[in-house]
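Welcome! Let us take a short walk through this structure together, one stop at a time.

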Amino acid sequence: MTTRISQSQLESYLWGAATLLRGTIDAGEYKSFIFPLLFLKRLSDVFDEEWQAALEVSQGDEDYAALPEQHRFQIPDGAHWSDLRQSANDVGRTISGAMREIERANPRLGGVFGDAPWTNKERLPDTTLKELIEHYSQVTLSLRNVPEDELGVAYEYLIKKFADDSGHTAAEFYTNRTLVHLMTQLLEIEPGDSVYDPTCGSGGMLLSAAEELRRQGKEHRTLRLFGQERNLTTSAIARMNLFLHGIEDFNVVRGDTLANPAFTDGDQLRRFDVVLANPPYSIKAWDRDAWSADLWGRNKYGTPPQGRADYAFWQHILASMDPATGRCAVLFPHGVLFRDEEFEMRRRIVAADLIEAVIGLGPNLFYNSPMEACIVVCRSKRLAERAGKVLFIDAVNEVTRERAQSFLTDDHIDRIVQTFRSFESEDGFAAVTRVDAIADVDNNLSIPLHVDRVGARPDHDLGAALVEWRQSASELRSATHALFARLDSEATL
């Protein structure tokens with residue numbers, strides 16, 4: 001097919017490749033094979049499109065068409081999609097070889113294809129791989145047939161589909177995109193900003209920063225995007241995601257942010273204008289001892305308990321913010337707002353006047369989890385009129401659920417953003433609380449303690465009971481989620 005196809009046809013075509021793998025490998029592994037193959041097909045088809053354009057300009061001069069400057073990326077001999085189609089035996093070896101050759105010919109693509117076991121015939125026999133290749137061969141993924149914005153949307157559709165199929169591990173690479181859009185708008189990103197995601201997953205937050213500027217008609221190509229992701233496959237997916245959206249000025253690297261932060265400047269962390277993050281929830285497998293004597297000074301406000309690294313990520317983010325322009329939006333479980341074991345760190349962060357807003361969200365917005373999430377917005381240098389104050393927003397009812405999926409509508413996002421920008425109290429929805437008043441309630445940031453629900457009795461004991469009940473309920477949900485996640489993980493061993 002060499003003509004334009006609709007968005008729905010494109011998405012159906014891309015998802016069709018995954019259906020060929022059903023019963024062959026686990027659904028959680030689809031992404032390791034489907035995304036690299038799709039990316040190779042796109043590179044080959046765009047290369048052919050550029051070749052034909054160069055031939056037309058040069059009246060058929062193939063030497064001219066072969067010049068490196070005529071192509072965005074180079075496709076070495078033997079590494080083109082057509083070479084894959086001609087392979088009859090050891091198809092996996094041919095695929096793997098082509099990917100490695102493309103990476104060598106294009107330094108920017110080093111490691112982008114990941115490390116899927118293409119040559120393991122017990123998992124993916126030649127017949128299955130040839131079916132995948134022929135399936136993708138049905139459509140020409142040139143820029144003319146499938147523009148970058150359309151392929152990018154379809155790629156995001158695939159990421160979402162894979163998250164739906166992969167169970168509790170989905171949160172490792174996918175964040176509810178309506179939350180991402182909200183977080184991006186809260187920080188009012190401007191052209192030229194440096195944007196950083198320390199746990200970038202599939203790159204959705206970095207991508208959203210660029211897309212938000214595009215939506216406003218502003219220049220997005222001057223953004224400097226940085227991300228770190230410890231999972232090799234997921235970091236490769238993030239890089240492919242950005243490339244397929246037509247974004248090339250970015251630096252996404254694989255690595256453990258807490259153990260080995262990738263972005264440094266001499267003996268200090270690199271500082272960024274904007275930090276967007278959805279850190280992994282309460283991880284236990286981290287080096288607390290090393291953190292207590294952190295080489296980068298990220299333990300300024302204290303050392304978190306071994307069983308919860310949330311405040312380690314939070315402090316890393318605060319240390320990564322530019323002292324003049326830095327601002328962040330971080331997606332957390334509600335427990336970070338009130339847990340006793342993190343009291344002293346929370347007290348110090350509140351006293352430093354870094355927290356600008358705490359926004360409580362409705363249930364089921366954490367992917368594949370019923371927990372209620374919150375967004376914490378911080379700023380290195382507060383506006384004079386906001387200094388010494390924190391805005392609390394109770395947006396628990398700003399959520400829609402359809403077909404077992406929860407999300408924020410544009411109206412929900414607009415209401416939250418406008419309330420944040422006005423920075424004013426609103427009965428039953430928002431409250432501005434002074435930092436010294438937060439200290440008076442033991443630095444508890446639990447939202448019901450600061451925002452009165454409409455219709456609630458103005459009775460102190462009732463309010464305190466409500467706060468205590470919601471805290472206990474949130475802790476119970478968190479513990480239950482962690483237990484089921486661990487049982488699921490052990491069941492797959």
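**A walk through the model**

Ser194 makes a good place to begin: with a relative accessible area of 5%, this residue is buried. Keep in mind as you look around that the model is predicted. You will find Ser194 in strand β1, which covers residues 194-197. Which residues does Ser194 touch, once its neighbours within four places in sequence are left aside? Its contacts are Arg224 and Phe226, together with Arg271, Phe272, Asp273 and Val274.

Now move back along the chain to helix α8, made of residues 177-186. Is this helix largely enclosed or not, and why? Nine of its ten residues are buried, so the rest of the structure largely encloses α8. If you would like to pick them out, the buried residues start with Arg177, Thr178, Leu179 and Val180, and continue with Leu182, Met183, Thr184, Gln185 and Leu186. Just after α8 comes a detail of the backbone: Glu188 has a positive phi of about 45°.

Our last stop is the cysteines. How many disulfides does the structure hold? The count is zero. Take Cys328 as an example: the nearest cysteine sulfur belongs to Cys378 and lies 4.0 Å away. A disulfide needs the two sulfur atoms to be within 2.5 Å, so a pair 4.0 Å apart does not count as one. Is Cys328 buried or exposed? Its relative accessibility is 0%, so Cys328 counts as buried. Cys374 also counts as buried, because its relative accessibility is 0%.

Definitions and conventions. Residues numbered from 1 in each chain as written. Predicted model: local features only at pLDDT ≥ 70, side-chain atom pairs only at ≥ 80, totals over all residues. Heavy atoms only, no water. Buried < 20%, exposed > 50% of the residue type's maximum accessible area, 1.4 Å probe, protein only. Helix = DSSP H or I, 4+ residues; strand = E, 2+ residues; numbered from the N terminus. Contact = heavy atoms within 4.5 Å.
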